[in-house]
Amino acid sequence: MKNFYCIWIKTGEENKYVKEMQAILDSNLSPMSGKLYFFQKQMRLKKGKEYIEPVFPGYVFLETEETSSEKFFFLRNGSGFIKFLPQNSPLQALSLADVAIIGSILEYGTIIPVVHVTFDVNDRIQLLDGPCRNLSAKVIAVNKRNKRVNIDVEFMNGSRVLGLTYEEVRKVEQTDK
């Protein structure tokens, strides 16, 4: 069974860390095998310009079957490494609930696209796609002008706010002719 571990990296150096350490993980010199993920999201400004930003700034996730913590030590040599979360020793894999969130994000790759939503007459929002469509996440803010939605997700023993850009999908009423 594969486990996921969280590595805290200096913010802004996540991509560099993944590139550097994934090359080692993929080589014959590595004491273990695994895959590193740095999750990002597609965002859109009011004027339509799109850009990419981190979902969890400073967090890189490792998927591996390895359980021997001694084999993880070489990962500390990567640029920007701070520590393993939730704590350095003993090394702990993420909970099943956290792995479910990561699995939901991975359905879209490492970059979450703009999500599609609908609003009902009472301004209740419904996520139609995206990583949180099947998760219990609480919508805490909707900015219709900027097309942003903030959702509260329980992740890694705490509450994390995810801000996503959305596209509104409206139901088309059929007319009889």
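This report covers the fold, strand pairing and nonpolar cores of a predicted model.

## Overall make-up

The protein has 177 residues, and 40% of them count as buried. Its secondary structure comes to two helices and 12 strands. Read from the N terminus, the order is β-α-β-β-β-β-β-α-β-β-β-β-β-β. A run of five strands therefore stands between the two helices, and a run of six follows the second helix.

The accessible surface is about 10500 Å². Carbon and sulfur atoms hold 49% of that area. Take the contacts with a separation of 6 or more: 59% of them link residues 24 or more positions apart.

## The three-strand sheet

One open sheet has three strands, in the order β4-β3-β7. Its pairing is mixed. The edges are β4 (50–54) and β7 (111–112). Each has a single partner strand, so one side of each is left without a neighbour in the sheet.

β3 covers residues 40–44 and pairs with β4 in the antiparallel sense. Five bridges join the two. Within this pair, Gln-42 has Ile-52 of β4 as its bridge partner. Strands of a sheet pair through backbone hydrogen bonds, either parallel or antiparallel.

## The β10–β11 hairpin

β10 (residues 138–143) and β11 run antiparallel, with five bridges between them. Ala-141 stands opposite Asn-150 in β11.

The two strands form a hairpin, with four residues between them. Lys-147 lies in the turn. Its phi is positive, at about 55°.

## Nonpolar cores

In soluble globular proteins, nonpolar side chains tend to be buried together. Here the largest nonpolar core has 24 residues. Phe-56, Phe-61, Phe-155 and Met-156 touch the most other members. Six elements give two or more residues to this core: β1 (3–9), β5 (59–64), α2 (96–106), β8 (115–119), β11 (148–154) and β12 (159–168). β11 thus appears both here and in the hairpin with β10.

Which residues does Met-156 contact, leaving aside its neighbours within four places in sequence? They are Cys-6, Tyr-59, Phe-61, Leu-85, Leu-94 and Asp-98.

Another core lies apart from the largest one. This other core has 18 residues, among them Met-21, Val-60, Phe-74 and Leu-91.

Technical notes:
Residues are numbered from 1 along each chain as its sequence is written. This is a predicted model: local features need pLDDT of at least 70, side-chain atom pairs count only at pLDDT 80 or more; totals for chains, interfaces and linings use all residues. Side-chain values use heavy atoms; hydrogens and water are left out. Two strands pair if DSSP finds at least two bridges between them. Buried means under 20% relative accessible area, exposed over 50%, partly exposed in between (1.4 Å probe, protein chains only). Contact means heavy atoms within 4.5 Å. Accessible areas come from the Shrake-Rupley method with a 1.4 Å probe; for residues, only the protein chains shown count as cover. A nonpolar core is a set of buried Ala, Val, Leu, Ile, Met, Phe, Trp, Tyr and Cys residues joined through side-chain atoms within 4.5 Å.
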